[in-house]
Amino acid sequence: MQIQKHIRTTALAMGMLALGLGSVANTYAAPSSNVAWTSETRNLLKNADLANGEKIAKKCSKCHGEDGTDPTALEEEDTPFTAGQVAHATYKQIIDYQDGTRDDKNMRKKVKKLSKQDVADVSAYYATQALPMPSVDPSTVTPEAIRMVTRGDGTRFLPPCAGCHGPNGEGAIVDVPALAGQSASYFVTTMLAFREDERENDIYRRMRFIARMLTEEEIEAVANYYASVGTGTKLLVFESDEDAEEEPAAPMEPAAPEAPAAPPS
Ligand code: HEC
Ligand code: HEC
């Protein structure tokens with residue numbers, strides 16, 4: 001009985017995924033980003049000029065802070081921390097702002113004059129900064145939030161956030177952003193933007209699928225979780241020359257909600 005139920009559930013999940021992807025293909029033929037991880041692009045980051053990156057970051061500090069984590073700059077605005085962010089993730093976001101794939105007039109204006117190498121330089125500079133410090137008290141984190149991050153929810157095919165964003169919220173090369181220490185208000189704003197299709201630059205709609213499965217309360221709870229796991233330390237640097245030689249990874253498979261979370265062990 002159990003097995004049959006599991007098979008039925010899995011079939012249903014596959015069906016839903018196929019439906020989802022089908023409608024993506026029909027409705028959203030336009031690419032959700034023009035960034036391709038060719039070796040040329042990766043080399044821009046590998047050979048980044050950190051001193052130039054720091055110079056550019058100064059022009060951004062009014063909102064993002066000197067090193068990307070000034071909390072006073074963030075009180076009034078839904079402005080993300082950029083410090084400690086995976087360089088490739090930052091690079092992708094800035095290019096997406098430049099060509100309008102990520103729609104924010106303000107940010108577009110701020111970055112429109114930057115060359116590709118400038119974008120790589122400032123992205124790499126931010127990546128060398130420490131992740132933000134925790135900005136909320138860990139005792140306010142709910143068990144439900146921890147479960148969503150670490151196990152997901154098999155009953156609605158929600159994959160665990162940590163499966164992509166890393167066990168410590170450190171993100172991953174190529175384009176999965178770090179979430180550790182991220183401003184909770186920005187986190188909620190951008191998740192709601194994914195949910196409402198106002199932010200549509202996520203490749204394969206992965207984050208739009210996921211955001212849609214969560215209630216606003218759940219989004220707030222997970223934002224609170226990640227704001228509490230800031231580290232003030234470096235977790236991930238940009239690619240160094242040593243690990244650079246392999247070919248660029250293909251963009252990740254559509255990892256949308258295909259698999260129920262592992263049963264408790
Ligand atoms: C006037 C304030 C302001 C200035 C100046 C500014 N930004 Fe931003 N930045 C924002 C806001 C607000 C957002 C969130 C916009 C959104 O929701 O898409 C943002 C988003 C970003 C993101 C996306 C981060 C993420 O986690 O997705 C990056 C990267 C970024 N900015 C880099 C820069 C750089 C580089 C500069 C300077 C060249 C800069 N910003 C200047 C306010 C600013
Ligand atoms: C299948 C992999 C995957 C899973 C699972 C996943 N994410 Fe993401 N997430 C991504 C990728 C890739 C991006 C970058 C999207 C883009 O390019 O704009 C992202 C972006 C985000 C952002 C925006 C970060 C920023 O700086 O702008 C937030 C917030 C986020 N994810 C939260 C979550 C939460 C919460 C969960 C779990 C409920 C989750 N993610 C699960 C892959 C994933």
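1. A few friendly notes on this predicted model, starting with confidence: the chain has a mean pLDDT of 81, and 73% of its residues reach 70 or more.

2. Two stretches call for some care. Over residues 1-27 the pLDDT stays under 50, and the model has 11 contacts beyond four places in sequence for them. Residues 242-261 also stay under 50; for that stretch the model has 36 contacts beyond four places in sequence. Where pLDDT is low, the predicted coordinates should not be read in detail, so I would not lean on the particulars of such contacts.

3. On the fold, you will find 11 helices and zero strands in the chain. Following the sequence, the pattern therefore reads α-α-α-α-α-α-α-α-α-α-α.

4. As for packing, 36% of the 265 residues count as buried. Take the contacts between residues at least 6 apart in sequence: 79% of these join residues at least 24 apart.

5. Now to the ligand site. Ligand 1 is surrounded by 23 residues, and the closest are Cys-60, Cys-63, Pro-80, Asp-104 and Lys-110. Three elements give two or more residues to this shell: helix H3 (50-64), helix H4 (87-98) and helix H5 (105-111). Of the elements, H3 gives the most, with six residues.

6. Which kinds of residue make up the shell around ligand 1: nonpolar, polar or charged? The shell divides into nine nonpolar residues, seven polar and seven charged.

How values were computed:
Residues are numbered from 1 along each chain as its sequence is written. Chains are lettered from A and ligands numbered from 1 in the order in which they are written. This is a predicted model: local features need pLDDT of at least 70, side-chain atom pairs count only at pLDDT 80 or more; totals for chains, interfaces and linings use all residues. A residue is near a molecule or strand if its C-beta atom, placed from the backbone, lies within 6 Å of it. Helices (H or I, at least four residues) and strands (E, at least two) are DSSP runs, numbered from the N terminus. Ala, Val, Leu, Ile, Met, Phe, Trp, Tyr, Cys and Pro count as nonpolar, Asp, Glu, Lys and Arg as charged, and the others, Gly among them, as polar. pLDDT is the predictor's confidence in each residue, from 0 to 100. Two residues are in contact if their C-beta atoms, placed from the backbone, lie within 7 Å. A residue is buried if 20 or more other C-beta atoms lie within 10 Å of its own, exposed if 12 or fewer, and partly exposed in between; C-beta atoms are placed from the backbone.
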